[in-house]
Amino acid sequence: MMRNIFWKSILAWLLAAFFFVGGIGNILASDAIQADYARWGYPFWFHYLTGTLELIAGALLISLRTRKLGSGLAAVVMCGAAATVLAHGEFTHAIAPLVVLSLSVFVWFTVE
């Protein structure tokens, strides 16, 4: 039982770290990231929204009490990321969001 809880927490914490790094990266978006958002047709401020949602998801993933909500928000953000790159024919760029989406859904289903 304890081992089961341990790996679930480790996975959730790794996802949280991913979303913290991604959130900071989107909020402090480089010129290349801003150009990507513009190419995809998003408004100039959209990277701030994405980054903020990622930071919130990361924070919610840390606590067991809010983990289900955090993994759900993380899944929604990754659905948006995957849909964006797939809609623009950037199929190889969809791999990472789809993997993180899968892990987020897995965490959502394993929260007790």
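Buried means under 20% relative accessible area, exposed means over 50%, and partly exposed lies in between, using a 1.4 Å probe and the protein chains only. Keep those words in mind for the close-ups below. This is a predicted model, in which local features need pLDDT of at least 70 and side-chain atom pairs count only at pLDDT 80 or more, while totals for chains, interfaces and linings use all residues. Residues are numbered from 1 along each chain as its sequence is written, and side-chain values use heavy atoms, with hydrogens and water left out.

**View 1. A salt-bridge network links D36, R39 and E90.** A salt bridge here is a side-chain nitrogen of Lys or Arg within 4 Å of a carboxyl oxygen of Asp or Glu. Side chains of opposite charge can pair when their charged atoms come close. By this rule the count comes to 2 salt bridges. In one of them, the side chains of D36 and R39 meet at 2.7 Å, N to O. D36 and R39 are 3 residues apart in helix α2, so about one helical turn separates them. Helices are DSSP runs (H or I, at least four residues), as strands are (E, at least two), and they are numbered from the N terminus. R39 also forms a salt bridge with E90, with 2.7 Å between the closest N and O atoms. That pair links distant parts of the chain, since R39 is in helix α2 and E90 is in the loop between α4 and α5, 51 residues apart. How do the partners differ in cover? E90 is buried, at 14% relative accessible area. D36 is partly exposed at 25%, and R39 is partly exposed at 46%.

**View 2. Five helices help to line the largest pocket.** A pocket is found on a 1 Å grid over the protein atoms alone: it is an open set of points with protein on both sides within 12 Å along at least five of seven lines, whereas a cavity is a set of points where a 1.4 Å probe fits but cannot get out, and lining residues have an atom within 4 Å of a point. Grid points are joined across faces, edges and corners, and a volume is the space filled by probe spheres set on the points. By that reckoning, about 660 Å³ of space lies in the largest pocket. Its lining has 27 residues, and N26, Y37, W40, E54 and A81 lie nearest the centre. At least two lining residues come from each of α1 (2–27), α2 (31–39), α3 (46–62), α4 (67–87) and α5 (95–110). Which helix gives the most to this lining? The answer is α4, with 7 residues. The lining divides into 16 nonpolar, 7 polar and 4 charged residues. In this sorting, Ala, Val, Leu, Ile, Met, Phe, Trp, Tyr, Cys and Pro count as nonpolar, Asp, Glu, Lys and Arg as charged, and the others, Gly among them, as polar.

**View 3. A nonpolar patch on the surface is formed by F6, W7, I10, L14 and F106.** Patches are made of residues with over 30% relative accessible area and no salt bridge; like charges are joined within 9 Å, and nonpolar side chains (Val, Leu, Ile, Met, Phe, Trp, Tyr) within 5 Å. Together the five residues have about 510 Å² of accessible area, a value from the Shrake-Rupley method with a 1.4 Å probe, where for residues only the protein chains shown count as cover. Helix α1 gives the most to the patch, with 4 residues. W7 is found in helix α1 and is partly exposed, at 36% relative accessible area.

**View 4. T84 and W40 are 44 residues apart in sequence and 7.2 Å apart in space, C-alpha to C-alpha.** T84 sits in helix α4 and is buried, with a relative accessible area of 8%.

**View 5. L53 and N26 have C-alpha atoms separated by 10 Å, with their positions 27 residues apart along the chain.** L53 belongs to helix α3 and counts as partly exposed, at 30% relative accessibility.

**View 6. W45 and T66 have C-alpha atoms separated by 27 Å, at 21 residues apart along the chain.** W45 has its place in the loop between α2 and α3. W45 is partly exposed, with a relative accessible area of 41%.
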